[in-house]
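Student: I have a structure open and I'd like to learn how to read it. Could you take me through it, feature by feature?

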Amino acid sequence: VFQARILAQRLVGQETRYEVEVKTPYRHLFPLVSREYVWVPNTCGCPQLREGGEYLLMAQRHVNHERTLNRILVPDNGYARPWTPREDRLLREAAQHC
């Protein structure tokens, strides 16, 4: 789970790749750097992420069977909400209990 600002969007084959600036990592099981590519496995714009917007993303690491592909993926039904100070407060409070 991390806060990200969408810098760019590009359609690649049947997927959408977003270049994001990682603003605040809340919980992560894999390392994140300040700029990442986040993939969505469709081109329909679901979830809808607009360039310049800040979002709270719950993503997963996707590694293919051959271990030649390692990327951050937000599934079709993944969690992507516009970031608000309220979301930040709720996540910080939840982190104290988890």
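Student: Let me start with one residue. Which residues does Gly53 touch, not counting residues up to four places away in sequence?

Tutor: Before that, a word on the source: this is a predicted model, where local features need pLDDT of at least 70, side-chain atom pairs count only at pLDDT 80 or more, and totals for chains, interfaces and linings use all residues. Residues are numbered from 1 along each chain as its sequence is written, and side-chain values use heavy atoms, with hydrogens and water left out. Now, contact means heavy atoms within 4.5 Å. Leaving out residues up to four places away in sequence, Gly53 touches Ala4, Arg5 and Ile6. Gly53 and Ala4 are 49 residues apart in sequence, yet 8.3 Å apart in space, C-alpha to C-alpha.

Student: Is Gly53 buried or exposed?

Tutor: Buried means under 20% relative accessible area, exposed over 50%, and partly exposed in between, using a 1.4 Å probe and protein chains only. Gly53 has a relative accessible area of 4%, so it counts as buried. You'll find Gly53 in the loop between strand E3 (35-40) and E4.

Student: What do labels such as E3 and E4 stand for?

Tutor: Helices (H or I, at least four residues) and strands (E, at least two) are DSSP runs, numbered from the N terminus. Two strands pair if DSSP finds at least two bridges between them. As a general idea, strands of a sheet pair through backbone hydrogen bonds, either parallel or antiparallel.

Student: In what order do the seven strands form the sheet?

Tutor: The sheet is open, its order is E5-E6-E3-E2-E1-E4-E7, and the pairing is mixed. At the edges are strand E5 (60-63) and strand E7 (79-82), each pairing on one side only. On average, neighbouring strands of this sheet are turned by 45° against each other, direction ignored; for such angles, axes are lines fitted to C-alpha atoms (for helices over the stretch in contact), and angles run from 0 to 180 degrees between N-to-C directions.

Student: How many bridges are there between E1 and E2?

Tutor: Strand E2 (residues 15-25) pairs with E1 in the antiparallel sense over 10 bridges. Their hairpin has two residues between the strands, and Gly13 there takes a positive phi near 65°. E1 also runs antiparallel to strand E4 (residues 54-58), joined by four bridges. Arg5 lets you follow both pairings: it stands opposite Glu21 in E2, and its bridge partner in E4 is Glu54.

Student: And where does Gln3 lie?

Tutor: Gln3 is in strand E1 (residues 2-12). Its relative accessibility is 5%, so Gln3 counts as buried. Among the residues it touches beyond four places in sequence are Glu21, Val22, Glu54, Tyr55 and Trp83.

Student: What about E6? In which sense does E6 pair with E3?

Tutor: E3 and E6 pair in the parallel sense, over two bridges, and Trp39 has Leu73 in E6 as its bridge partner. With E5, strand E6 (residues 70-73) pairs in the antiparallel sense over four bridges. There, His62 stands opposite Arg71 in E6.

Student: Which ring does Arg71 lie over?

Tutor: A charge sits over a ring if NZ of Lys or CZ of Arg is within 6 Å of the ring centre and within 35 degrees of the ring normal. Arg71 lies over the face of Trp39, at 5.0 Å from the ring centre. Arg17 lies over the face of Tyr37, at 4.1 Å from the ring centre.

Student: Why does Val74 count as buried?

Tutor: Val74 counts as buried because its relative accessibility is 1%. This residue is found in the loop between E6 and E7. Leaving aside neighbours within four places in sequence, the contacts of Val74 include Val38, Trp39, Pro47 and Met58. From Val74 to Pro47 it is 27 residues in sequence and 8.4 Å in space, C-alpha to C-alpha.

Student: Last one: how many disulfides does the count come to?

Tutor: A disulfide is a pair of cysteine sulfur atoms within 2.5 Å. By this rule the count is zero. Cys44 is exposed, with a relative accessible area of 53%, while Cys46 is partly exposed at 35%.
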